Amino acid sequence: MPTSRVLLWGGLAAVAGGAVLCVLGWYGISGERFAERQLPYLASCTVPGAALIVAGAVLVVGAARDLAPATLGPEPPAEAQESPPPPSSTEPPVRVPGGTLAHRPDCPLVAGRADTEPAGEAELDACPVCEPWPR
């Protein structure tokens, strides 16, 4: 953990130093009319400044990746991360009065609703969640 904080602050310092070098290089180049007189500013300020910005960004991202789990708290148990299994009822499809979709009775969209009724022979589209009919 202390190493990550050192990397974070070192990366931020490198980004700040690189930004200062880039600004100084731009200021030096803007005062020169001829390209031959601008090259020293590119070589001594702008290119190293850009390299410091990239290196600092890599350090900040690496440190943030190491620090993030510690600040977010413990991970939830593996059971909590799994998604629930898809509905698998073999009973006949149901519908909600006035609805346009047919559902399995254990579909999360209609499970527990008292107003469901058998789908019967009505022309309904299949629910995209539970897919009551085979494709």
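Let's start on the surface, with a nonpolar patch made by Leu39, Leu42 and Val47, which together have about 260 Å² of accessible area. Keep in mind as we go that this is a predicted model. Take Leu42 from that patch: Leu42 sits in helix H2, which runs over residues 35–72. Its relative accessible area is 34%, so Leu42 counts as partly exposed.

Now let's go inside. Which residues make up the largest nonpolar core? There are 6 of them: Val94, Val96, Cys107, Val110, Cys127 and Cys130. Val110 is a handy place to stand and look around. Beyond its neighbours within four places in sequence, Val110 touches two fellow core members, Val94 and Val96, along with His103, Arg104, Pro105 and Thr116.

His103 deserves a moment of its own. You'll find His103 in the loop between strand S2 (101–102) and strand S3 (117–118). Is His103 buried or exposed? Buried, because its relative accessible area is 6%. Setting aside neighbours within four places in sequence, its contacts are Pro93, Val94, Leu109, Val110, Cys127, Cys130 and Pro132. So please have a look at that loop when you turn the model, since His103 is buried there at 6% relative accessible area.

That brings us to the cysteines. How many disulfides does a search of the whole structure find? The count is 0. Let's see why for Cys127: the closest cysteine sulfur belongs to Cys130 and lies 3.8 Å away, which is too far for a bond. For a disulfide the two sulfurs would have to be within 2.5 Å. Cys130 is in no disulfide either, and its nearest cysteine sulfur, 3.7 Å away, is that of Cys107. Cys127 is buried, as its relative accessible area is 1%, and Cys130 is buried too, at 4%.

Just by Cys130 in the sequence, let me point out Val129. Val129 is in the segment after strand S4, which covers 125–126. With a relative accessibility of 43%, Val129 counts as partly exposed. The C-alpha atoms of Val129 and Leu109 are 8.1 Å apart, and the two residues are separated by 20 residues along the chain. Leu109, you may remember, is one of the contacts of His103.

On to the charged pairs. How many salt bridges are there? The count comes to 3. One joins the side chains of Glu117 and Arg95, at 4.0 Å from N to O. This pair links distant parts of the chain, with Glu117 in strand S3 and Arg95 in strand S1 (residues 94–95), 22 residues apart. The partners differ in how covered they are: Glu117 is partly exposed, with a relative accessible area of 32%, whereas Arg95 counts as buried at 17%.

Another salt bridge pairs Arg113 with Asp115, and here the closest N and O atoms are 3.0 Å apart. Both ends are partly exposed: Arg113 has a relative accessibility of 38%, and Asp115 has 35%. The remaining pair is Glu32 and Arg37, whose side chains meet at 3.3 Å, N to O.

To wrap up, here are the places to look at on the screen. There is the surface patch of Leu39, Leu42 and Val47, and the core of 6 residues that includes Val110 and Cys127. Then there is His103, buried at 6%, and the Glu117 and Arg95 pair linking strands S3 and S1. Thanks, everyone, and I'm happy to discuss!

Technical notes: Residues numbered from 1 in each chain as written. Predicted model: local features only at pLDDT ≥ 70, side-chain atom pairs only at ≥ 80, totals over all residues. Heavy atoms only, no water. Helix = DSSP H or I, 4+ residues; strand = E, 2+ residues; numbered from the N terminus. Buried < 20%, exposed > 50% of the residue type's maximum accessible area, 1.4 Å probe, protein only. Patch = residues over 30% accessible without salt bridge, like charges linked within 9 Å, V, L, I, M, F, W, Y side chains within 5 Å. Areas by Shrake-Rupley, 256 points an atom, 1.4 Å probe, with all protein chains shown as cover. Core = buried A, V, L, I, M, F, W, Y, C linked by side-chain atoms within 4.5 Å. Contact = heavy atoms within 4.5 Å.
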